[in-house]
Structures are given as C-alpha cells and as structure tokens.
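User: I would like to go through the labels used for this model and see what each one rests on. Please give the value and the cut-off in each case.

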Amino acid sequence: MSKVIMSGNEAVARGAWEGGVTVAAAYPGTPSTEILENVALYKDDIYCEWAPNEAVAAEVGLGAAVGGARSMVTFKHVGMNVATDPIFVAGYTGVNGGLVFVDADDPGCHSSQNEQDNRWYAPHAKLAMLEPSDSQECKDFMRDAFALSEKYDTAVLLRMTTRVCHSKSLVELGDRSGADVKPYVYNKEKYSLLPANALKRHPIVEDNLRRLAEDAETLPFNKVEDNGSDTGVITSGISYQYVKEVFGDSVNILKLGLTYPFPEKLISDFASKQKTLYIVEENDPFLETEVKALGFKCVGKDKIPGCGELNSAVVKEALTGVKDPSVYEVAGEVPSRPPMLCAGCPHRGFFDVISRSHKRLVLAGDIGCYGLGTYDYSFCMGAGFSSTVGMAKALELQGDKRKVLGMVGDSTFFHSGVNGLFDIFSTQVNVIACVLDNSITAMTGHQDNPGTTKNLMGEDKPAISIEAVVRAIGFTDENIRVVDPLDIKAMQAALNDGINHTGPFVIITKRPCALIKEVRKANAGKFYKVDTEKCTGCKVCIGVTCPALSFENGAAKIDPAQCTGCGLCAQKCHFGAIIKGGEF
Amino acid sequence: MATTGILLCGVGGQGTVTFSNILTKGLMDLGYDVKMSEIHGMAQRGGAVTTQVRYGEKVYSPSLGFGQADIIISFEKCEAIRNIAYLREGGIVITDTCELNGLPILQGAAEYPHGILDELEKTVPNVMVVEANKVAAELGNVVVANIVLLGAMVKAMHLEAADWMGIIESSVPPKTIDLNKAAFNAGYAM
C-alpha cells in the first residue's frame, strides 16, 4: 500500500479508526485539537463530540468503554489535569471495550501555561502508556492500544508531544477491525468503586499491570538496536528521532514505545551491556528515575536540559560537546511579532473600555483569545471567575478599594467558568464577572461548544443560552448587562454600572468571532477609510491596536483587505476622519 | 546520510501551509523520505510562524536546530532576519519584499526596519530577493505569492524532476489552478 504524509494528530485519528473506535470525546486544546477534528472525518463509523470539558469527555469515554464500545478521549496536558478524577477511576475499573486516553504534552510551552510531563500520570493512575515517535507509530500504536487495553483490562495512555502531534511524516495505512461493540454486562463489583469494591479491585489492577509488565519484555513496542558499540542510549517518543539524528547507527539504542509498566528485564539486560549509558528524554527524568532505581549508573538530566524543548542540536551539544554554529548574524533589530487580536475581533472593544478603567480594577484573565488582551493575571481554565472570589477577599483584607473584574469566554464559561459563577453568586462577593461570548471556541481554531448550534459531526443541536443560565443562578436585570462589545458607549455604560454596583455583577459581551465563515460573508466588502483632510494625526485610533490600522506620513491608514468594517476606530476618532468606505 | 533542511517563515495567514503541502508532495514524488514540522495555535493571529521541512534518503528529526537549514524561504523580509541563525554556512535565503507590521509597530513602540534587506545581503552571500507579492498581484491575486516563492525555490534547489504541475492541480481549488501554475512558472523564471 502506498504511503501518505500525515501529522501525528491525523495519524492518531486514522489509528483510532483502524483500531475499531466507535465513541470519541474531547475538549479542544493545542496541540491535541486536530485529533478529534480528524476523527470527525470518520463520523459514519465513529460517534464523536466536543464535550464541555475534559472531565466530561473522560467520563463519556469511560461510560462507553464500560458499555462495551472501543472509545477514546483526547486532551492537552493541562486538560488531563481536569480529567484526572475519572481517569484514576478508570485505572481501577478497567474496561470492557478498549479505552485510550490521548494526551498531548507541550515541551517548550508553544501554547500552554507550563511544561508538565504527563508521563508521571501513568504509574500514578495505573494506566499502561505508549509513546509514539513519528506519525507511523502514532497510527500503529493507537490502533494496537485497544486490543492491549482489553487484553490487560487497563485503560491506555497514548502520550504525545507537540513535535509528534504537529510534525508530518509518511504513514502506511491499514484497514479497520475490532469495531464490534461488546455486550454490556452488569458487574457492580468492577464498575462501582464503593470502598469495599475498590479495595478488592486494587490487587486485581496490580496483577493486570504485572501481567503486562511481564509481556512488555517482548512486546514489539520496545526495540533494541544493537550496533556493537560500548555506548547505549535509552530513549522514547520524539527524543528517539533526535538520538538517531545525532548518533545514527554508531551507538546501541533501546527505544521504548511502551513506557509503563516498565520492561525491567529488557532495561536491565540493555543497561548492563553498556560502558556508557545515556538517557535521552524531554522535560522530567521519568525513564532515568527507573533506570537508576534498577541500580544502573547513567547520564541523563545532568547533561540533557530538563527545561524547554529538545532538538537534535541540543542533544548533540549536550552529549558530544559539539555545537552546530549559527553562522550569520545580521546587524539591526527586528521588532518582535507576538500574536494579536484579529482585525474585527469583538474582544478589542471590550479591552479598549476596561483598560481605560484599569486603575480602578484588578483584572483576572483566563485561557482563550482574550489572553491576547489586557489583564493582571491568568491561571487556568475557569479561574478567570473563581479566582476573583479569593482576590476580592484578599483586597478587602488590605483595604484595597479596587474592584475585581474576571473574564471567561463562552466555551470557558461552559468548561468550568460556570462553577466559579455559582461561587460568586453564593458568596455575594463584590466582583464583575464578564462572559466574552464570541459564539465559538476560537483560540483553538473554531470548535463548537454547548453554546453553539452545531456539533462536531456537523449536525444541528440546541444551543444553551448563557444569559438564561446566568439568570437561573439568580442574577436579574439589576445585575446583568448584555452588550455588543464593539459599541463603545454601551460597553462603557455596562462597565460603569458594574463598577457602581455593590455585590456580584455579570456583563455578557455578545458578538460572534470575525473569522466565523458566516460573519466573514456578512462583512465581505465592508471597510472603513481615512479622510486624510480631517485626520489630525492624533493616533487615538492607533491605540486600539488593530492589524488593519497603521500610521503613515502623519495620518492613520486602513488596509481595506484586512478591515472588517467593525467601526471601533471610527467611534474612537474625535474628528470624524474615519468613514465608511465599502458596501455596508 | 545527507538530508536537506528547508525553513519557511512568515506571518500567520500568508499561505505557508499550502506551500509546504505542495512542497512535501513534490519531495515524495521525487522518492525522498520527508518530514515536516509546524507549530500551530497562533496561526491566524498575526504572529510569526515557521514551518520546517527535511528530506533525504532517511529523515529522523522533523525539526531543525540553528545552523541546520540549507535554505530559508521568507514570506516577509523581517522574518528572514529573525530566523537567520538557522541557516548553515553557504545556505540560501529567498525572501519576499513584503513588509507586515507586527504589534509593537502598530502600537508605535517600534518602527519597521525598511533597510534590513541591505544588511542581509551584506552578511549572507546567497540571497535572492523575490517580489512575490507584486508578481502575484500582476498575475491577478496576491494570494498566490506563496506559489511564486515555491517556483523560485524549486529552481534554487534543483527540484525540477517532480511533477509540480500535476501536484498543483490536485492541491489547489479548481478555479485557481491556472493562476497557481502561472505563479509557479513566474517564480521559477526569476
């Protein structure tokens, strides 16, 4: 069969299909998002959904697996934190249909708040773990993970990293098998973890992992490359590629594909034959800790950096001392180019207004496109609401009069923001809670969520109204405002009402993302232009920092190709110099 | 075990993805092992983006370290300078003259370094400046600037043997096939 080029994420989706998956659930998060988007290509064979959060996704997956369907759940590394409650349960219940959790770590923090190494979750939650190193292995390991899961009655963690997810390499495709759903059989002792049952399950789970550990010695996921050297390297995942790049066939390599439970005999046999033993892995010393526990001396994190992403140049310099030179240096500074809110982004109006009152506010950010705006701090999903309760208390205790304003997006509201809002209302704390509703999960590339009218499979579904949820909590006309954030006057009035109100206050800013297909269509041909006669060059409009706006020859200039006609800059101009140019 | 490294750089939305999709298909057509690495997430939000492509008889690492790129294709001239550390000694730079203002420039905190290409040409012996945006606009649509750059790169890297016309036909929207082919040929002729 001919080969096709696929990203790791596409290959995992293909592997899921070949491996007989019938149920898939996820919450989007870079670098994992494209896995479920590609699973959706097989929607005739696989039911798939964007769940409101990772814990829900994991519970959907566990329910399906116990019910007898081969199922998968995907998330980014910090999303796995959200899902750990059901994942640890899955470690004890085991499965009926095979269950695979696909986790995408982000060494280098390309789009994340930390570099946490989720390999530690495998021993912690008692999961088997597979680590693919290229797209072919992504597909094959994913396909084979389901039979492994069923044979050893254990959930499997397929652990990826950004560079595996988002690099493309050649893949040989196969056929689908194993998709027959097993009958659901009542077994309360196995699937209901009451204390008495859980205690009985524990030794069974340990036995299952022991059985797998014994078989891991010979399972084809792990490979020894004996090149007759006196130097050996133990490695896994993408690090294997860097090792091969640097050393080729000049060292012996133990490449571990099944990295939990550890094949102790295989590791010991390999380690005992090497004069010098290197452990090459990104971030934490996960394999190194095991090798040392088995009693072997090795070179690992004392040389290989534990912070940041590896590449072949880093591995080469760490282990051989040889550095590939950066040959050329060009004189002159190149300005940085950080990501920014798009032209026409509804969040721009919100941030324009709140940043002008910033002195009176402490701003709690969250995870989403609005992370590109103004705020004092940002923790994790949902904390944009829940942290305001603690911050408001702390400010009150020190006599700080500033008001706390928290922000979450529509998808984050459903993910975990709503729980924080329960607390804000219950405690009647004096904060402003803003839902920046742009009708899509935008930052990760436009996924649907409970507030939208389509599902991942492209079918219509009912949308949940955020305002109705907020009113159901107990907020009324007195302390809710729903505004178009690009209407500066209305936005300012809502903020003023919030600042002057005592007790919890909700502002819902409602305007769809400018990149949504229907919005683009509606905005096609709309743009503003600058009347250079009237423009005084005061740069007030430039202050909104829109990519369509620049300053040239003493006047503002608007790129009609980028402008969406949102009109924010026109509202800012004191001289009426920004006027409609296109067809409105 | 020689492999060749290509680094594409530009700004989100400039068409690096289409470029690298066509490029990898061409390299596969030539019988090479190919790996490509790109970092998503911020792609549509005006941030700097890079894609790394490596090809040869057998490729292991999908990514490049400093001093490991044989050629840099830059869709925006500042981005060529930003990524110059990746170029190996004697490597080639092909860059568009396109200028796009990043956040610090839009905020007035920095100015666009208009003369930066002169500095590049002073430092790097093999620089090819391609007015891809201008050429694409003359052909009818600036969106095919990426394919103009592809044509120039195919010539610089002597990759003519692949069926580029066939690959373009199967990779772009049907209505734009002729436009993309013309863009490729214009780039190749430079």
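**Labels and their grounds**

Analyst: This is a predicted model. The count of salt bridges between chain B and chain A is 3.

User: What makes the pair B:Arg54 and A:Glu245 a salt bridge?

Analyst: The closest N and O atoms of B:Arg54 and A:Glu245 are 2.8 Å apart. The cut-off is 4 Å between a side-chain nitrogen of Lys or Arg and a carboxyl oxygen of Asp or Glu, so the pair B:Arg54 and A:Glu245 counts as a salt bridge.

User: How many residue pairs are in polar contact across the interface?

Analyst: The rule finds 13 such pairs between chain B and chain A, both residues being at pLDDT 80 or more. Elements of chain B that each supply at least two residues to the side touching chain A include β1 (3–11), α1 (16–29) and β3 (48–56). β2(B) gives the most, with 6 residues. By type, the residues on that side of chain B are 29 nonpolar, 21 polar and 12 charged.

User: Why are strand β8 of chain A and β2(B) called paired?

Analyst: Pairing requires at least two bridges. β8 (residues 167–172) of chain A and β2(B) are joined by 2 bridges, so they pair, and they run antiparallel. A:Lys168 stands opposite B:Met36 in β2(B).

User: How much area do the two chains bury between them?

Analyst: Chain B and chain A bury about 4,700 Å², with 61% of it on carbon and sulfur atoms. In chain B, the residues that lose the most area to chain A are B:Arg45, B:Tyr60 and B:Leu106, together 17% of what that side buries.

User: Why is A:Ser312 called buried?

Analyst: Its relative accessibility is 3%. Buried means under 20%, so A:Ser312 qualifies. A:Ser312 lies in helix α13 (residues 312–320) of chain A. Beyond four places in sequence, A:Ser312 is in contact with A:Tyr242, A:Glu245 and A:Val246, and with B:Ser61 and B:Gln68 of the other chain.

User: Is A:Glu115 buried or exposed, and what value decides the label?

Analyst: Neither term applies: the relative accessible area of A:Glu115 is 23%. Since buried requires under 20% and exposed over 50%, A:Glu115 is partly exposed. A:Glu115 is found in the loop between β5 (99–105) and α5 (121–125) of chain A.

User: What makes the approach of A:Glu115 to A:Gly308 a polar contact?

Analyst: The side chain of A:Glu115 reaches the backbone nitrogen of A:Gly308 at 3.0 Å. The limit is 3.5 Å between N or O atoms, so the distance meets it. The backbone nitrogen of A:Gly108 is reached by the side chain of A:Glu115 at 2.6 Å, also within 3.5 Å.

Terms used:
Residues numbered from 1 in each chain as written. Chains lettered and ligands numbered in written order. Predicted model: local features only at pLDDT ≥ 70, side-chain atom pairs only at ≥ 80, totals over all residues. Heavy atoms only, no water. Buried area = accessible area lost by both parts, 1.4 Å probe. Polar contact = N/O pair within 3.5 Å; in protein donor to acceptor, adjacent residues only side chain to side chain. Helix = DSSP H or I, 4+ residues; strand = E, 2+ residues; numbered from the N terminus. Nonpolar A, V, L, I, M, F, W, Y, C, P; charged D, E, K, R; others polar. Buried < 20%, exposed > 50% of the residue type's maximum accessible area, 1.4 Å probe, protein only. Contact = heavy atoms within 4.5 Å.
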